[in-house]
Amino acid sequence: MKKKLVLTACLVIFLIISVCIFYHRPLQSAKIMITSDIHYLSDKLHDDDIAYQYMLSNSDGRLTQYCDVILSAFIEEVLQQKPDVLIISGDLSFNGEKLSHQDLADKLHVLYENNIPVLVLAGNHDINSTRAASFFENRYDVAENINQQEFVSIYNDYGFLQAESRDSSSLSYMYKVNDDLYIIMIDSNGYGQNYLQQESYNWLEQQLEYVKKQNAKAITVTHQNIYAQNELLVFGYQLYDGDKLKDLLTKYKVTLNLSGHVHMQHYIKDKLTEISSSSLLMPPLQYGILEFDGGYDYYTKQIDFNSYCDNHDIDDDTIRNLNLYAKDYFINHSYKRGLLRLEEIGCDQATKELIANVFAQYNYYYFSGEPFDYHEYENDAQIAKELAGYVGKYIEIITSESEIDFTKLKIKR
């Protein structure tokens, strides 16, 4: 009798284990492509005359003049890689021009036609912008901008229509990638003030609770940064309520937030890790790839303009080598901006030029996210730290992170 009971118990345990194994669903992986801060400017809003060239010369080193070919080459790579979803984390337009938004949406339509989901998020440059403008001859004229409703109307096929849930008080929404992964696009503009309204917090917590009940994971996306990616880039860059948002996300064991806004490739790794994607128009003209398998494997990839030129019979050495051109262009702009920042310091012109050169070289590596050997510029950097105030502090921060490769990151399960 005792032997029969033991055998029966063993059989029951075996059956329970078998049923559990049979019904255990294998984890669903996902491949996500990520870009940010496209700042697309419609070619209907400019010529190549004085006003446009002046705007370019006073920019931050973005390749606005090549935005159309950069975006076209990028979209072609998205089509080739066939990700489960493409995320664009804000500042879609140059400065909120309606024509720029409409033309960008038209260019993205080929992805929609090929069943590649695109999730867009509004940035601080996209809605109700007072800086929307056109550039013709020597004139800078106000251009038509858009409001929140028009943003949704233009980009309805790129996240809003496919959303599992939408926040009634903002442009936030949640998208289901698969049974194991959700993406929550968080509108962090707060009517231009870089924060979330309380109604949005209420909605967000409801979504996080839902994901938890599904035994799934959530990736969140904001335009502005939850963390200060650089201690000198806080006001206007970091969310005013970043700590509050971080606390809510960590409460629900969210381990990854994606952002942009500062235009540089960077991350801060903590209980909540935040990856800030570089602008698509900034060197080295790269985008992010995130592979999900319960954990996250993130890395960047530069756009292959050589292949793009071959595919389209483009005979233009600048476009073929646009990654290198972008680097030189950015360093040159950084050098000029460095000199402007150094106008008030008390040293001779030769020393100012030396410091500006160090600033420009460091700035390229910082924005690209690439590690570099700072020893090549060590003596000049020391002069900058001693004499150059803000620029010196900026160089000191970059030096402290120079060995970190911000273009790749693994987050374990």
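These are my notebook entries on the sheets, helices, pockets and backbone details that I looked up in this predicted model.

**Entry 1: the seven-stranded sheet**

I began with the strand order, and found seven strands in an open sheet that runs β6-β7-β8-β9-β10-β12-β11, with mixed pairing. The edges are held by β6 (165-166) and β11 (266-268); each has a single partner strand, so one side of each is left without a neighbour in the sheet. I then followed the β11 edge inward, where β11 runs antiparallel to β12 (residues 273-276) and is joined to that strand by three bridges. To fix the register I looked up H266, whose bridge partner in β12 is S276.

**Entry 2: the six-stranded sheet**

Next I turned to the open sheet of six strands, for which I noted the order β3-β2-β1-β13-β14-β15 and, again, mixed pairing. Here the edge strands are β3 (118-120) and β15 (408-411), and since each has a single partner strand, one side of each is left without a neighbour in the sheet. From one strand to the next, the twist of this sheet averages 20°.

I went through the β13-β14-β15 end of this sheet pair by pair. Seven bridges link β13 to β14, and the two strands are antiparallel; within this pair, I found Y287 opposite K301 of β14. The hairpin of β13 and β14 has three residues between its strands, and in that hairpin G294 takes a positive phi near 100°. On the β15 side, β14 (residues 296-302) is also antiparallel to its partner, with four bridges to β15. Two positions give me the register there: Y296 has I411 of β15 as its bridge partner, while Y298 stands opposite L409 in β15.

**Entry 3: two helix pairs**

I looked up two packed pairs, bearing in mind that packed helices are described by the angle between their axes and the distance between the axes. For α11 and α12 I noted an angle of about 135°, with the axes 8 Å apart. That value makes α11 oblique to α12, and the crossing of the two is right-handed.

For helix α3 (residues 67-81) and helix α4 (residues 98-113), the axes come within 9 Å and cross at roughly 20°. Angles under 35 degrees count as roughly parallel, and α3 and α4 are therefore roughly parallel to each other. The crossing in which α3 passes α4 is right-handed.

**Entry 4: the largest pocket**

I then asked which residues are the closest to the centre of the largest pocket. The pocket holds about 850 Å³ of space, and of the 29 residues that line it, D60, R62, Y237, H263 and R337 are the closest to the centre. Sorting the lining by class, I recorded 13 nonpolar, 10 polar and six charged residues.

I also checked which helices reach this lining. At least two lining residues come from each of α11 (322-341), α12 (349-368) and α14 (390-400). The contribution of α11 is the most, at four residues. The oblique pair of Entry 3, α11 and α12, thus appears again here, with both helices supplying residues to the lining of the largest pocket.

**Entry 5: the cavity**

I searched for enclosed space as well, and found that the structure holds one cavity of 30 Å³ or more. The space in the largest cavity is about 60 Å³. Its lining consists of Y365, Y366, G369, E370, P371, F372, I398, E401, S402, I404 and F406, which by class come to seven nonpolar, two polar and two charged residues.

**Entry 6: backbone details**

Last, I went over the backbone for exceptions, given that most residues other than glycine have a negative phi, and most peptide bonds are trans. One exception is the peptide bond between P283 and P284, which is cis, with omega about 10°. P284 sits in the loop between β12 and β13 (286-292); I note that β12 belongs to the seven-stranded sheet, whereas β13 belongs to the six-stranded one. Another exception is K82, a residue other than glycine with a positive phi, near 50°. I placed K82 in the loop between α3 and β2 (85-88).

Key:
Residues are numbered from 1 along each chain as its sequence is written. This is a predicted model: local features need pLDDT of at least 70, side-chain atom pairs count only at pLDDT 80 or more; totals for chains, interfaces and linings use all residues. Side-chain values use heavy atoms; hydrogens and water are left out. On a 1 Å grid over the protein atoms alone, a cavity is a set of points where a 1.4 Å probe fits but cannot get out, and a pocket is an open set with protein on both sides within 12 Å along at least five of seven lines; lining residues have an atom within 4 Å of a point. Grid points are joined across faces, edges and corners, and a volume is the space filled by probe spheres set on the points. Ala, Val, Leu, Ile, Met, Phe, Trp, Tyr, Cys and Pro count as nonpolar, Asp, Glu, Lys and Arg as charged, and the others, Gly among them, as polar. Two strands pair if DSSP finds at least two bridges between them. Axes are lines fitted to C-alpha atoms, for helices over the stretch in contact, and angles run from 0 to 180 degrees between N-to-C directions. Angles under 35 degrees count as roughly parallel, over 145 as roughly antiparallel, 65 to 115 as roughly perpendicular and the rest as oblique. A crossing is left-handed if the near helix is turned anticlockwise from the far one by less than a right angle, and right-handed if clockwise.
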